[in-house]
Amino acid sequence: MKTILIIGAGGFAREVKWLIDEINKSSSQWEFMGYFDEKWNVEEKKLLGYKVYTNIIELLDYKQKIYVVCAIGDSILRKKVIEELQVYGFKFATIIHPNVLKSDYVTFEEGCIICANNIFTTNIKVGKHVIFNLSCTTGHDVNINDYVTVFPSVSISGGVNIGAASSIGTKSAIIQGKNIGHNVTIGAGAVVITDIPDNCTAVGMPAKPIKFK
């Protein structure tokens, strides 16, 4: 078994711990080491019975022996934290729930977190450190760039491209062939029927930019 540490100690980190447990029920793969969160301010340095590390120095002796996965939902913050960890030479795991449905023509790069009940059809490329939360569907010929966060119950139709560090809100839908720019936030429940430019927040049915970052 390989040793794994979760980066972050918030609500999603606890969900990722559950995801690791589910993987181990199917096939024993991971020995769970604990969490790392520099901002952890609880007196007891434990979460769900496991240690919360708060100083990167504590982990440097382990960096060649463990894998890490970053359970921070905010795309921009996740990118910043991961880039800091890469300087130290940590290895990144990709973890996928056993009930995820995917064809042989789907690729995930390092650091991805794919939660339960996702469906990926064919010819799909998912970049580094991408999060797919619960119960999303992704159609054919989709390209997801690095550091994207896809929140629960999102529907992505075929031929869609999503730019780096974008966030796709809960229960939103993107129709066939549309392009979402880099650093975009799509609001919950939005329906994307036109291309969305870089560095904006888009909401509504149909989704339209309401502010630029």
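This report describes selected features of a predicted model, from an annotated span to its sheet, pocket, aromatic pairs and a hairpin.

**The annotated span**

An unreviewed UniProt entry lists residues 4-85 as "domain: PglD N-terminal". In the model, helix makes up 33% of this span and strand makes up 27%. The C-alpha atoms at the two ends of residues 4-85 are 14 Å apart.

**The largest pocket**

The volume of the largest pocket is about 370 Å³. Its lining consists of 16 residues, and those closest to the centre are Asp37, Glu38, Ile72, Leu77 and Val81. Which helix gives the most to this lining? Helix H2, residues 75-88, does so with 6 residues. By chemical character, the lining of the largest pocket divides into 9 nonpolar, 5 charged and 2 polar residues. As general background, rolling a probe the size of a water molecule over the atoms shows where empty space is left.

**Aromatic pairs**

A pair of aromatic rings is described by the distance of the centres and the angle of the planes. The model has a count of 5 aromatic pairs. One of them joins Phe32 and Tyr50, whose ring planes stand at 75°; this pair is edge-to-face because an angle over 60 degrees counts as such. The pair links distant parts of the chain, since Phe32 belongs to strand E2 (residues 30-36) and Tyr50 to strand E4 (residues 50-53), 18 residues apart. Phe32 is buried at 13% relative accessibility, whereas Tyr50 is partly exposed at 31%. Phe32 and Tyr50 also form one aromatic cluster together with Tyr35.

Another edge-to-face pair is made by Phe120 and Phe132. Here too the pair links distant parts of the chain: Phe120 is in strand E11 (residues 119-120) and Phe132 is in strand E13 (residues 131-132), 12 residues apart. Are these two rings' residues buried or exposed? Phe120 has a relative accessible area of 2%, so it counts as buried, and Phe132 is buried at 0%.

The table sets out the geometry of these two pairs.

| Pair | Distance of ring centres | Angle of ring planes |
|---|---|---|
| Phe32 and Tyr50 | 4.8 Å | 75° |
| Phe120 and Phe132 | 4.9 Å | 75° |

**The parallel sheet**

An open sheet contains 5 strands in the order E9-E12-E15-E18-E21, and their pairing is parallel. Why do E9 and E21 each have one side without a neighbour in the sheet? Strand E9 (106-108) and strand E21 (179-180) stand at the edges, and each has a single partner strand, so one side of each is left free of a neighbour. The partner of E9 is strand E12 (residues 124-126), which runs parallel to E9 and is joined to it by 3 bridges. Within this pairing, Thr107 has Lys125 of E12 as its bridge partner.

**A hairpin of two strands**

Strand E24 (residues 200-203) pairs with E25 in the antiparallel sense, over 4 bridges. One bridge matches Ala202 with Pro209 in E25. The hairpin of E24 and E25 has 4 residues between its strands, and Gly204 takes a positive phi near 100°. How many of the 5 residues of strand E25 (residues 208-212) are buried? The number is 0, so strand E25 lies largely in the open.

Definitions and conventions
Residues are numbered from 1 along each chain as its sequence is written. This is a predicted model: local features need pLDDT of at least 70, side-chain atom pairs count only at pLDDT 80 or more; totals for chains, interfaces and linings use all residues. Side-chain values use heavy atoms; hydrogens and water are left out. UniProt positions are given in the numbering used here, feature names are shortened, and annotations may be inferred rather than shown by experiment. Two strands pair if DSSP finds at least two bridges between them. On a 1 Å grid over the protein atoms alone, a cavity is a set of points where a 1.4 Å probe fits but cannot get out, and a pocket is an open set with protein on both sides within 12 Å along at least five of seven lines; lining residues have an atom within 4 Å of a point. Grid points are joined across faces, edges and corners, and a volume is the space filled by probe spheres set on the points. Ala, Val, Leu, Ile, Met, Phe, Trp, Tyr, Cys and Pro count as nonpolar, Asp, Glu, Lys and Arg as charged, and the others, Gly among them, as polar. Rings of Phe, Tyr and Trp (its six-membered ring) pair if their centres lie within 6.5 Å; planes under 30 degrees apart count as stacked, over 60 as edge-to-face and the rest as tilted. Buried means under 20% relative accessible area, exposed over 50%, partly exposed in between (1.4 Å probe, protein chains only).
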